[in-house]
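Grab a pencil and work through these exercises with the structure open beside you. Try each task before you read its solution.

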Amino acid sequence: MHAFNYHRPSNVNDAAALAAKSVDAKILAGGQSLVQAMKLRLAAPTDIVDLGTIKDLAGIKVDAKSVTIGAMTRHAEVEGSAEVKKAIPALAALAGMIGDRQVRNMGTLGGALANSDPAADYPAAVLGLGATITTTKGTHAADKFFKGLYETALRPGEIITSVSFPIPKRAAYMKFKNQASRFAIVGVFVADTGAGVRVAVTGAGPCALRLAEMEKALSAKFAPESVASLKIKSDGLNADLHASAEYRAHLITVMAKRAVEAAMK
Ligand SMILES: Cc1cc2nc3c(=O)[nH]c(=O)nc-3n(C[C@H](O)[C@H](O)[C@H](O)COP(=O)(O)OP(=O)(O)OC[C@H]3O[C@@H](n4cnc5c(N)ncnc54)[C@H](O)[C@@H]3O)c2cc1C
């Protein structure tokens with residue numbers, strides 16, 4: 001690991017100022033991805049801005065229409081929240097499927113979204129529910145946030161402060177996980193919003209993506225048979241030692257069907 005300056009601001013304005021001041025500053029959330037990248041020398045920031053002591057950035061608020069979660073809220077907190085379980089059970093369940101207990105105790109919502117790992121779970125919920133991401137520079141609609149492999153719409157120095165998830169009529173997330181890391185080989189989030197159905201997939205492409213064909217079929221009839229025979233094209237899907245593009249395409253249909261079944265229960 002290279003030497004770096006370590007900063008521990010007590011509020012988000014100071015954090016944003018510190019992040020903007022240095023040429024190559026990195027925000028530190030739970031360190032679950034960043035520290036590994038630094039150890040492997042894939043990242044060598046000059047400055048680390050640790051959000052760990054900024055209390056305002058963690059916490060969960062639920063109202064009649066939405067669930068708002070602070071960027072520094074750990075996955076374990078979302079998994080265990082009675083309020084999230086009641087308002088959007090699929091979101092609490094998704095948080096509980098991330099990695100193992102240690103990872104869930106340290107990993108954060110903001111870190112997971114800023115990192116935009118192609119196999120991460122939260123991006124599927126953010127896209128599937130049509131969430132709004134609030135940052136130190138404004139807001140981002142989910143549909144315009146994930147830009148590519150480890151790439152988002154965040155500008156240099158921009159810090160995610162919270163994410164607001166609209167409460168759907170019903171929703172579910174199903175993932176076919178990598179048995180070692182538990183990242184998604186394919187994960188599908190299905191949400192019946194009341195004004196149409198949204199289907200978001202993670203693990204299959206460079207970043208989370210929506211499936212218009214499935215959304216159309218499920219908006220016409222929200223039932224497993226609406227997607228069970230839909231064949232997803234494998235062109236452009238990820239292929240690696242874990243699964244071929246064709247297998248991932250097949251898994252999308254299987255996971256989508258299971259998610260619809262679960263959402264209907
Ligand atoms: C063994 C292991 C297994 C895992 N399994 C899964 C899994 O099954 N599913 C899954 O989805 N994830 C999984 N993860 C990822 C993990 O859950 C974290 O969500 C992810 O690593 C981000 O970690 P973090 O929140 O600690 O952020 P960090 O590692 O601290 O930061 C990650 C990146 O986001 C930036 N960042 C952090 N917070 C903010 C913010 N508020 N605003 C702007 N930028 C920010 C950082 O600068 C950095 O570039 C796994 C990780 C490990 C180590």
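Contact here means heavy atoms within 4.5 Å. Keep in mind that you are looking at a predicted model.

**Exercise 1. Helix α9 and its surroundings**

Task: Find out which residues of helix α9 are buried, and which elements they pack against.

Solution:
- Step 1. Go to residues 212-220, where helix α9 sits. To call a residue buried, you need a relative accessible area under 20%, and to call it exposed, over 50%.
- Step 2. Met214, Glu215 and Leu218 are the buried residues to mark in α9. If you look down the axis of α9, these buried residues fall within an arc of 100 degrees, so they line one face of the helix.
- Step 3. Now turn to the face that points away from the buried side of α9: you'll meet the exposed residues Ala212, Lys216 and Ala220 there.
- Step 4. Apply the contact rule to the buried residues of α9. They pack against three strands and two helices in the list β12 (184-192), β13 (197-202), β14 (209-210), α10 (225-228) and α11 (245-264).**Exercise 2. Helix α1 and the sheet beside it**

Task: Work out which residues of α1 are buried, and what order the strands of the three-stranded sheet have.

Solution:
- Step 1. Helix α1 covers residues 12-21, and its buried residues are Ala15, Ala16, Leu18 and Ala19. Viewed down the axis of α1, they fall within an arc of 165 degrees, so they line one face of the helix.
- Step 2. Asn13, Ala20 and Lys21 are exposed, on the face of α1 turned away from its buried side.
- Step 3. What do the buried residues of α1 pack against? They pack against β1, β2 and β3.
- Step 4. Trace the open sheet of three strands: the order is β1-β3-β2, and the pairing is parallel. At its edges you find β1 (5-7) and β2 (25-28), each pairing on one side only. On average, and ignoring direction, neighbouring strands of this sheet are turned by 20 degrees against each other.
- Step 5. Zoom in on β1 and β3 (residues 47-50): they run parallel and are joined by three bridges. Try picking out tyrosine 6, whose bridge partner in β3 is isoleucine 48.

**Exercise 3. The five-stranded sheet**

Task: Put the strands of the open five-stranded sheet in order, then follow the bridges from β4 through β5 to β10.

Solution:
- Step 1. The order is β4-β5-β10-β6-β7, with antiparallel pairing. β4 (60-62) and β7 (138-141) stand at the edges with a single partner strand each, so one side of each has no neighbour in the sheet.
- Step 2. Start at β4. Together with β5 it forms a hairpin, with three residues between the two strands. β4 and β5 (residues 66-70) pair in the antiparallel sense over three bridges.
- Step 3. Check two of the partners in β5: lysine 61 goes with threonine 68, and isoleucine 60 goes with isoleucine 69.
- Step 4. Carry on to β10, which pairs with β5 in the antiparallel sense over five bridges. Isoleucine 69 turns up again here, with valine 163 as its bridge partner in β10.
- Step 5. Why is β5 largely enclosed by the rest of the structure? Four of its five residues are buried, so that description fits.

**Exercise 4. One residue up close**

Task: Decide whether threonine 161 is buried or exposed, and list its contacts.

Solution:
- Step 1. Locate threonine 161 in strand β10 (residues 160-166).
- Step 2. Its relative accessible area is 16%. Buried means under 20%, so threonine 161 counts as buried.
- Step 3. Skip the neighbours within four places in sequence, and the contacts of threonine 161 are Val12, Leu57, Gly70, Ala71, Thr134, Thr135 and Thr136.

**Exercise 5. A pair of rings**

Task: Say how the rings of phenylalanine 145 and phenylalanine 146 are arranged.

Solution:
- Step 1. You need two values, because a pair of aromatic rings is described by the distance of the centres and the angle of the planes.
- Step 2. A search of the whole structure finds three aromatic pairs. In the pair of phenylalanine 145 and phenylalanine 146, the ring centres are 5.1 Å apart and the planes are at 90 degrees, so the pair is edge-to-face.
- Step 3. Are these two residues buried or exposed? Phenylalanine 145 and phenylalanine 146 are both buried.

**Exercise 6. Two domains**

Task: Give the bounds of the domains and how far apart their C-alpha centres lie.

Solution:
- Step 1. The domain assignment gives domain 1 as 1-53 and domain 2 as 170-264.
- Step 2. The C-alpha centres of domain 1 and domain 2 are 34 Å apart.

Note on methods. Residues numbered from 1 in each chain as written. Predicted model: local features only at pLDDT ≥ 70, side-chain atom pairs only at ≥ 80, totals over all residues. Heavy atoms only, no water. Pairing = 2+ DSSP bridges. Axes fitted to C-alpha atoms, helices over the stretch in contact; angles between N-to-C directions. Domains from an automatic or database assignment. Buried < 20%, exposed > 50% of the residue type's maximum accessible area, 1.4 Å probe, protein only. Arc of directions from axis to C-beta. Phe/Tyr/Trp six-rings, centres within 6.5 Å; stacked < 30°, edge-to-face > 60°.
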